[in-house]
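This briefing accompanies the sequence and the structure shown below. The lead sentences introduce one residue and the overall fold, and the bullet points then proceed by topic.

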Amino acid sequence: MKLAANILSIIFHPLLMITYGVLLALTYTALAIYPMQLKLWVLAGVFMMTAFVPAIFIFLMIKINRKGDYELTERTDRTMPYLVYVASVVACVLYLSKMLMPIWVLSLVFGTAVAMLIALCINFFWKISAHMIGIGGLLGGIMGISRVYLLNPYWAFIIVLLIAGFLGSARIQLKKHTPAQVYAGFGLGFISIYISSLLSYFYFFI
């Protein structure tokens with residue numbers, strides 16, 4: 001069980017959630033018509049800015065300080081990585097705008113920065129699950145995209161919801177979070193990204 005929980009935590013690491021979300025958007029929305037080369041450039045840029053760069057920072061921070069772990073188990077170790085991640089997401093939004101991505105994609109990605117800023121504020125006095133913020137945001141993004149395109153991707157909703165359940169159970173199994181921290185993280189991620197998608201929806205019709 002512990003091995004399965006660790007594998008789930010790695011596959012659905014919060015640093016990978018934006019890459020997964022953009023990949024889904026490039027595959028199952030109108031963006032699927034984009035040339036493959038453009039898709040690869042977009043995905044490569046998103047991965048570098050929202051996964052690789054923050055991961056390198058966390059690695060160097062732990063090596064230099066000689067304390068903590070790569071999962072940032074201690075709440076006090078999360079402040080600087082969260083700030084770096086927020087800056088990386090903002091840089092990603094600027095990159096995607098240069099790549100002429102539609103406003104709803106920019107809004108969904110920017111919503112992640114908002115969610116992590118809120119998580120940063122919460123982190124000063126209480127630990128919240130970043131993994132669940134990520135998976136909750138992915139589900140909120142799917143719901144938001146469905147609203148923009150008037151789709152009903154029930155299969156995607158069910159799959160991601162099941163993954164969220166397994167992931168939350170894994171974080172509790174590994175004793176990284178309490179149930180309250182898991183539920184709070186999922187709710188924060190879902191609400192932040194879904195609201196940002198609604199804002200882009202209203203912008204589209206203004």
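**Briefing on the predicted model**

Isoleucine 145 is placed in helix α6. The model in which it appears is a predicted one. The protein chain contains eight helices and zero strands, and its elements run α-α-α-α-α-α-α-α from the N terminus on.

**Overall dimensions and surface**

- A compact globule of 206 residues would have a radius of gyration near 17 Å, and the protein chain, with 17 Å, therefore agrees with that expectation.
- Taken along the principal axes, the box filled by the C-alpha atoms of the protein chain is roughly 45 × 35 × 30 Å.
- Of the 206 residues in the protein chain, 47% count as buried.
- The protein chain exposes about 11000 Å², and carbon and sulfur atoms supply 76% of that area.
- Considering contacts in the protein chain between residues at least 6 apart in sequence, 75% join residues at least 24 apart.
- The protein chain has 13 positive and 4 negative charges, and the mean positions of these two groups are 8 Å apart.

**Isoleucine 145 in helix α6**

- Isoleucine 145 has a relative accessible area of 14% and is therefore buried, since the cut-off is under 20%.
- Leaving aside neighbours within four places in sequence, isoleucine 145 is in contact with Ala25, Thr29, Trp104 and Leu108.
- One of these contacts, Ala25, is itself listed among the buried residues of α2.
- Isoleucine 145 and histidine 177 are 32 residues apart along the chain, and their C-alpha atoms are separated by 30 Å.

**Helix α2**

- The twelve residues of α2 should span 16 Å at 1.5 Å a residue, and the end C-alpha atoms are 16 Å apart, which agrees.
- The buried residues of α2 are Met17, Ile18, Thr19, Val22, Ala25 and Leu26.
- The cover over the buried residues of α2 includes α3, α4, α5 and α6.

**Helix α4**

- Helix α4 comprises 20 residues (residues 79–98), which at 1.5 Å a residue should span 28 Å; its end C-alpha atoms are 29 Å apart, which agrees.
- The buried residues of α4 are Pro81, Tyr82, Val84, Tyr85, Val86, Ser88, Val89, Cys92, Val93 and Leu96.
- These buried residues of α4 pack against α2 (17–28), α3 (36–65), α5 and α6 (130–149).

**Two buried serines**

- Serine 107 lies in helix α5, which covers residues 103–123.
- With a relative accessibility of 15%, serine 107 counts as buried.
- Not counting residues up to four places away in sequence, serine 107 touches Ser196 and Ser200.
- Serine 9 is placed in helix α1 (residues 2–11).
- The relative accessible area of serine 9 is 4%, so serine 9 is buried.
- Serine 9 touches His131, Leu167, Arg171 and Leu174, again not counting residues up to four places away in sequence.
- Serine 9 and leucine 167 are 158 residues apart in sequence, whereas their C-alpha to C-alpha separation in space is 6.7 Å.

**Loops and positive phi angles**

- Most residues other than glycine have a negative phi.
- Leucine 100, found in the loop between α4 and α5, has a phi near 60 degrees, a positive value in a residue other than glycine.
- The position of leucine 100 is just after α4.
- Leucine 100 counts as exposed because its relative accessibility is 68% and the cut-off is over 50%.
- Lysine 175 lies in the loop between α7 (154–173) and α8 (179–205), and has a positive phi of about 60 degrees although it is not a glycine.
- At a relative accessibility of 73%, lysine 175 counts as exposed.
- Lysine 176 also lies in the loop between α7 and α8.
- Lysine 176 counts as partly exposed, its relative accessibility being 22%.
- The C-alpha atoms of lysine 176 and tyrosine 82 are separated by 17 Å, and the two residues are 94 residues apart along the chain.
- Tyrosine 82 is among the buried residues of α4.

Note on methods:
Residues are numbered from 1 along each chain as its sequence is written. This is a predicted model: local features need pLDDT of at least 70, side-chain atom pairs count only at pLDDT 80 or more; totals for chains, interfaces and linings use all residues. Side-chain values use heavy atoms; hydrogens and water are left out. Helices (H or I, at least four residues) and strands (E, at least two) are DSSP runs, numbered from the N terminus. The radius of gyration is taken over C-alpha atoms; the globule rule is 2.2 Å times the number of residues to the power 0.38. Buried means under 20% relative accessible area, exposed over 50%, partly exposed in between (1.4 Å probe, protein chains only). Contact means heavy atoms within 4.5 Å. Accessible areas come from the Shrake-Rupley method with a 1.4 Å probe; for residues, only the protein chains shown count as cover. Lys and Arg count as positive and Asp and Glu as negative; His and the chain ends are not counted. The place of a charge is taken as NZ of Lys, CZ of Arg, CG of Asp or CD of Glu. The expected span of a helix is 1.5 Å times one less than its number of residues.
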